[in-house]
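Please open the structure in the viewer and keep the sequence at hand. The tour proceeds by selection, one stop after another.

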Amino acid sequence: MFDLNGAMRAAASGMRAQSFRMRLVGENIANADTPGFSRKTVSFESEMDRQRGVELVRTGPVVLSEAPATQSYEPGHPLANDRGLVTLSNVNTLVELADAREAQRSYQANLKVFDQSREMRSGLMELLRR
């Protein structure tokens, strides 16, 4: 028999993971103009809840992007090196917006699974009361 509570737990873990991803996307966008800032990413890992027999999603470690940062010639800038170059961030806002859209859609899909499982559970309880 399909475990509705397990489905709700799995969906909730997916929502938590995507929520964390959205937080990192927000940090990246907020710091896109910060010199020297490196883009942060997170990976997802599968985790088995052996007690309940449910496969959950959890976030892996936060990783700083190794993409090269752009440099700008600004000799008057306080962070400029001896050649007048300032190392900018390696954040591409278009990539971040696409990442945010993907995380949002994944969050919504998990929310839909959670809501449908909750409704099915409520319907089942109502049938059992009759």
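Begin by selecting Asn110, which lies in helix α2. The model in view is a predicted one. Is Asn110 buried or exposed? Its relative accessibility is 18%, and the cut-off for a buried residue is under 20%, so Asn110 counts as buried. Next, add Ala11, Gly14 and Met15 to the selection: Asn110 is in contact with these residues, once its neighbours within four places in sequence are left aside.

Now extend the selection to the whole of helix α2, residues 93-129. Helix α2 comprises 37 residues. From its first C-alpha to its last it reaches 53 Å, which is close to the 54 Å expected at 1.5 Å a residue. Which residues of α2 are buried? They are Glu96, Asp99, Ala100, Ala103, Asn110 and Ser117. Helix α1 is included in what covers the buried residues of α2.

Select helix α1, residues 4-30, and display it together with α2. The two axes come within 8 Å of each other and cross at roughly 160°. Because of that angle, α1 is roughly antiparallel to α2. The residues of the contact between α1 and α2 comprise 17 nonpolar, nine polar and six charged. As for its hand, the crossing of α1 and α2 is left-handed.

The next stop is strand β1, residues 40-49, where Thr41 is found. With a relative accessibility of 26%, Thr41 counts as partly exposed. What does Thr41 touch, leaving aside its neighbours within four places in sequence? Select Leu24, Pro61, Val62 and Val63, with which Thr41 is in contact. Then pick the C-alpha atoms of Thr41 and Asn28: the two residues are 13 residues apart along the chain, and these atoms are separated by 9.1 Å.

Move on to Pro68, in the loop between β2 (54-64) and β3. Is Pro68 buried or exposed? Pro68 counts as exposed, because its relative accessibility is 73%. A distance may be displayed here as well: the C-alpha atoms of Pro68 and Lys40 are separated by 13 Å, the two residues being 28 residues apart along the chain.

Finally, select Gly84, in the loop between β3 (71-73) and β4 (85-87). At 5% relative accessibility, Gly84 counts as buried. Which residues does Gly84 touch, not counting those up to four places away in sequence? Add Ser72, Tyr73, Glu74 and Pro75 to see these contacts of Gly84. To close the tour, pick the C-alpha atoms of Gly84 and Ser38; they are separated by 21 Å, and the residues are 46 residues apart along the chain.

Methods: Residues numbered from 1 in each chain as written. Predicted model: local features only at pLDDT ≥ 70, side-chain atom pairs only at ≥ 80, totals over all residues. Heavy atoms only, no water. Axes fitted to C-alpha atoms, helices over the stretch in contact; angles between N-to-C directions. Helix = DSSP H or I, 4+ residues; strand = E, 2+ residues; numbered from the N terminus. Parallel < 35°, antiparallel > 145°, perpendicular 65-115°, else oblique. Left-handed = near helix turned anticlockwise from the far one by under 90°. Nonpolar A, V, L, I, M, F, W, Y, C, P; charged D, E, K, R; others polar. Expected span 1.5 Å × (residues − 1). Buried < 20%, exposed > 50% of the residue type's maximum accessible area, 1.4 Å probe, protein only. Contact = heavy atoms within 4.5 Å.
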